[in-house]
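Open your viewer, set the display to cartoon, and take this tour one selection at a time. At each stop you will be told what to select and what to look for.

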Amino acid sequence: MIETDRLILRPLTHKQLLKYVKDDHSLEKEFNLLPMKKNISPELQEALKYSILPNVSDKDKDYLYHTLWTIISKPDHSMVGDICFVGEPDQNGEIEIGYGTYEEFRDKGFMTEAVGRIIQWAKEQPNVKSVFASTTKDNVPSYSVLEKNGFIHVGEVDDMLSWQLKF
């Protein structure tokens, strides 16, 4: 678990991920938070089923790089979004991040703050040298979060932009 003044970033265990997927407010109850409707995107549902859940249960993998981290607003007593790494660092020390803010909590700076803090955590890991992210060209709020955290636009393919932050 890592924190900022306003946020707690909490890596979810396998049991907690199952509660997250169930979306029956049992996860919020476990954390003493207000109930939230998460609206799990089809992409995240697929990632949870085929990548996140199997990798988190694999004892040979560092689950912190495979699980979903829930972003909790301390003042709101609510989960406001999610952030994750897309696997462990590669041979060059690069990790990829993905993230999303729940609709009612957008435009409040939560994700900029969360990305900044998880990058700070990643910098402290000895085998991490850079962070990669991708966004669609039309998702200005998403790539604004990256720009505010020092990411540099490094390429594009079709409607996707690639971003990188080297340490």
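## Stop 1: Strand 5 and its neighbours

Select residues 94–101, which make up strand 5, together with residues 130–136, which make up strand 6. These two strands run parallel and are joined by three bridges. To find one contact point of this pairing, click on Glu96: its bridge partner in strand 6 is Phe132. Keep in mind as you look that this is a predicted model.

Now add residues 78–85, which form strand 4. Which way does strand 4 run relative to strand 5, parallel or antiparallel? The two are antiparallel, and five bridges join them. One place to look is Gly81, whose bridge partner in strand 5 is Thr101. As general background, strands of a sheet pair through backbone hydrogen bonds, and they can do so in parallel or antiparallel fashion.

Stay in strand 5 and select Gly98. Gly98 counts as partly exposed, because its relative accessibility is 23% and the buried class ends at 20%. Which residues does Gly98 touch, once neighbours within four places in sequence are set aside? They are Asp82, Ile83 and Cys84. You can also try the distance tool here: from the C-alpha atom of Gly98 to that of Leu68 is 9.5 Å, and these residues are 30 apart along the chain.

## Stop 2: The whole sheet

Colour every strand in the chain. There are eight strands in this open sheet, and their order across it is 1-2-3-4-5-6-8-7. Notice the end of that list, where strand 8 comes before strand 7. The pairing is mixed.

Which strands sit at the edges? They are strand 1 (2–3) and strand 7 (152–157), each of which pairs on one side only.

Zoom in on the strand 1 edge. Strand 1 runs antiparallel to strand 2 (residues 7–11), and two bridges join them. Select Glu3 and look across to strand 2, where its bridge partner is Ile8.

## Stop 3: A buried serine

Next, select residues 68–73, which form strand 3, and pick out Ser73. Is Ser73 buried or exposed? Ser73 is buried, because its relative accessible area is 0%. Show the residues around it: beyond the neighbours within four places in sequence, Ser73 is in contact with Arg6, Leu7, Ser78, Val80 and Phe110.

## Stop 4: Two loops with a positive phi

Move on to His77, in the loop between strand 3 and strand 4. What is the phi angle of His77? The value is near 50°, which is positive in a residue other than glycine. His77 counts as partly exposed because its relative accessibility is 46%.

Then jump to Asp158, in the loop between strand 7 and strand 8 (160–166). Asp158 is not a glycine either, and its phi is positive at about 55°. Switch on the surface to look at this residue: Asp158 is exposed, with a relative accessible area of 68%.

## Stop 5: A proline in helix 5

Select residues 140–148 to bring up helix 5, then click on Pro141 within it. Pro141 counts as exposed, because its relative accessibility is 54% and the exposed class starts over 50%. For another try with the distance tool, choose the C-alpha atoms of Pro141 and Gly93: they are separated by 27 Å, and the two residues are 48 apart along the chain.

## Stop 6: Step back

Finally, zoom out until the whole chain is in view. The protein chain has five helices and eight strands. Trace them from the start of the sequence and you will meet the pattern β-β-α-α-α-β-β-β-α-β-α-β-β.

How big is the box that the C-alpha atoms fill? Along the principal axes, the box is roughly 40 × 40 × 30 Å. The radius of gyration is 15 Å, which agrees with the value near 15 Å for a compact globule of 167 residues.

Buried residues make up 45% of the chain. Among contacts with a separation of 6 or more, 57% come from residues 24 or more positions apart.

For a last look, turn the surface on again. The chain exposes about 9,200 Å², with 49% of that supplied by carbon and sulfur atoms. Colouring by charge brings up 20 positive and 27 negative side chains, and the centres of the two sets lie 5 Å apart.

Key:
Residues are numbered from 1 along each chain as its sequence is written. This is a predicted model: local features need pLDDT of at least 70, side-chain atom pairs count only at pLDDT 80 or more; totals for chains, interfaces and linings use all residues. Side-chain values use heavy atoms; hydrogens and water are left out. Two strands pair if DSSP finds at least two bridges between them. Helices (H or I, at least four residues) and strands (E, at least two) are DSSP runs, numbered from the N terminus. The radius of gyration is taken over C-alpha atoms; the globule rule is 2.2 Å times the number of residues to the power 0.38. Buried means under 20% relative accessible area, exposed over 50%, partly exposed in between (1.4 Å probe, protein chains only). Contact means heavy atoms within 4.5 Å. Accessible areas come from the Shrake-Rupley method with a 1.4 Å probe; for residues, only the protein chains shown count as cover. Lys and Arg count as positive and Asp and Glu as negative; His and the chain ends are not counted. The place of a charge is taken as NZ of Lys, CZ of Arg, CG of Asp or CD of Glu.
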